[in-house]
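Here's a quick walk through one protein chain, written for someone who would rather look at side chains than at plots. Have the viewer open as you read.

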Amino acid sequence: MNQDHHEVHLENYITQKLVSAGWHEGHSDHYDQQRALYPEDVVAWVKATQPDVWNKLVKLNGDNAQTVLLNAVAKALDANTGGTINVLRYGIQIAGAGQIDLSRKQPEDQRNAKLTKEYRENRLRIVRQLKYCPTREWAIDLVFFINGIAVATAELKTDFTQDVESAMRQYRQDRLPVDPATKRKEPLLTYKRGAVVHFAISDSNIRMTTRLAGDNTYFLPFNQGNCGHAGNPARDDGEYPVAYFWEDVLQPQNWLRIFHNFIYEEKQDKVDAQGRAYTQKTLIFPRFHQLQAVNNMIADAKANGAGQQYLCEHSAGSGKTSTIAWMSHDLICLRSSEGKAVFDSVIIVTDRNVLDAQL
């Protein structure tokens with residue numbers, strides 16, 4: 001494969017791969033900077049899956065139906081009880097129109113044709129060089145949307161020019177939730193309200209964070225591992241070592257599954273240096289090895305049924321508690337195509353008090 005080692009070519013390449021997988025390519029000019037939405041997808045989703053709701057909005061608001069809908073979505077995203085994940089999973093309420101769903105998770109079986117059809121209407125969109133600030137010319141390399149709601153961003157670097165550390169530095173220094181000059185809050189970059197996860201990507205390395213906080217931004221690896229070491233192995237086919245990101249993680253079915261089944265907010269009681277108690281909140285986005293572990297075991301259990309045995313090895317601090325919880329949740333939801341539960345119950349046995357408390 002002929003690779004020109006510049007960011008723009010990596011942008012183009014990722015975009016082309018995703019479009020061929022069913023994503024839509026968007027344009028920065030169509031992005032709503034104030035609401036941090038891609039309006040045409042929000043409206044298209046509601047029209048396609050909930051025509052009765054849309055007709056009610058039009059009857060009540062006439063030509064302002066779209067504005068009313070977008071304002072309601074933005075308000076729910078801004079709310080303390082809302083945020084991106086809650087809006088995607090549970091939708092919003094509009095007086096006179098009722099419940100409005102903003103996405104559909106994959107049904108556990110194929111018995112309900114209506115839900116299956118609505119799931120297929122989910123719109124995934126990628127926008128290159130998205131200008132997110134109304135008063136500046138700042139642009140993020142890639143922004144990802146589900147039904148018009150921004151869910152992830154990515155800054156790209158190439159190892160022949162700059163490495164992944166440069167992408168992380170760009171997030172820490174230039175992608176700030178509050179503009180230091182104007183004090184404007186940037187909805188796209190605000191914890192919980194905007195994009196859920198931010199990826200720093202080079203040809204061979206991926207890091208991620210769920211909270212942008214300037215110099216205090218903390219990144220975790222999002223790599224496959226390389227023969228017991230950090231990073232990613234070279235590819236024999238000439239592909240980028242990080243190609244698993246678009247070949248696996250960003251495939252529509254997998255991407256939607258992550259946002260409906262995996263992400264959650266972890267809350268921990270802490271005490272600061274002055275002895276004051278506080279609750280630390282962290283959005284948990286699964287690392288690649290966690291996704292791989294859960295998906296591989298679930299796929300095998302679905303194919304071969306109950307009674308199988310698996311050994312999943314996690315190193316210290318690699319998120320074994322989350323993997324156990326995700327696995328348990330997916331096992332209890334596992335159904336045959338006819339809707340019969342594969343497992344009647346799930347029992348977790350641990351030998352550590354810390355794990356008991358975390359679970």
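What follows is a short tour of a helix, some strands and a surface patch. Keep in mind that this is a predicted model.

Let's begin with helix H3, which spans residues 51-61. Which of its residues are buried? Val 53, Trp 54 and Leu 57 are. They cover an arc of only 100° around the axis, so they sit on the same side of H3. That fits the usual helix geometry: an α-helix has 3.6 residues a turn, so residues three or four places apart point the same way. Turn to the other side of H3 and you'll find Asp 52 and Lys 59, both exposed. As for what covers the buried residues of H3, the list includes helices H2 (39-49) and H4 (65-78), along with strands E2 (92-94) and E3 (98-100). Just after H3 comes Gly 62, with a positive phi of about 60°.

Now for the strands. Seven of them, in the order E1-E4-E5-E6-E7-E8-E9, make an open sheet with mixed pairing. Strands E1 (24-26) and E9 (220-221) stand at the edges; each has a single partner strand, so one side of each has no neighbour in the sheet.

Two antiparallel pairs are worth putting next to each other:

| Strand pair | Bridges | One facing pair |
|---|---|---|
| E7 (residues 197-201) and E8 (residues 206-209) | 4 bridges | Phe 199 and Met 208 |
| E10 (residues 264-271) and E11 (residues 277-284) | 8 bridges | Val 271 and Ala 277 |

E10 and E11 form a hairpin with 5 residues between the strands, and there Gly 275 takes a positive phi near 85°.

Stay on E11 a moment longer, since Leu 283 lies in that strand. Is Leu 283 buried or exposed? Leu 283 counts as buried because its relative accessible area is 6%, and the cut-off for buried is under 20%. Leaving out residues up to four places away in sequence, Leu 283 touches Tyr 191, Lys 192, Val 196, Thr 210, Ile 263, Tyr 264 and Glu 265. Asp 163, on the other hand, is 120 residues from Leu 283 in sequence and 26 Å away in space, C-alpha to C-alpha.

Last stop, the surface. Ile 332, Val 346 and Ile 348 form a nonpolar patch there, with about 200 Å² of accessible area together. Ile 332 belongs to helix H11 (residues 320-333). With a relative accessible area of 32%, Ile 332 is partly exposed.

Note on methods
Residues numbered from 1 in each chain as written. Predicted model: local features only at pLDDT ≥ 70, side-chain atom pairs only at ≥ 80, totals over all residues. Heavy atoms only, no water. Patch = residues over 30% accessible without salt bridge, like charges linked within 9 Å, V, L, I, M, F, W, Y side chains within 5 Å. Areas by Shrake-Rupley, 256 points an atom, 1.4 Å probe, with all protein chains shown as cover. Salt bridge = Lys/Arg side-chain N within 4 Å of Asp/Glu carboxyl O. Helix = DSSP H or I, 4+ residues; strand = E, 2+ residues; numbered from the N terminus. Buried < 20%, exposed > 50% of the residue type's maximum accessible area, 1.4 Å probe, protein only. Arc of directions from axis to C-beta. Contact = heavy atoms within 4.5 Å. Pairing = 2+ DSSP bridges.
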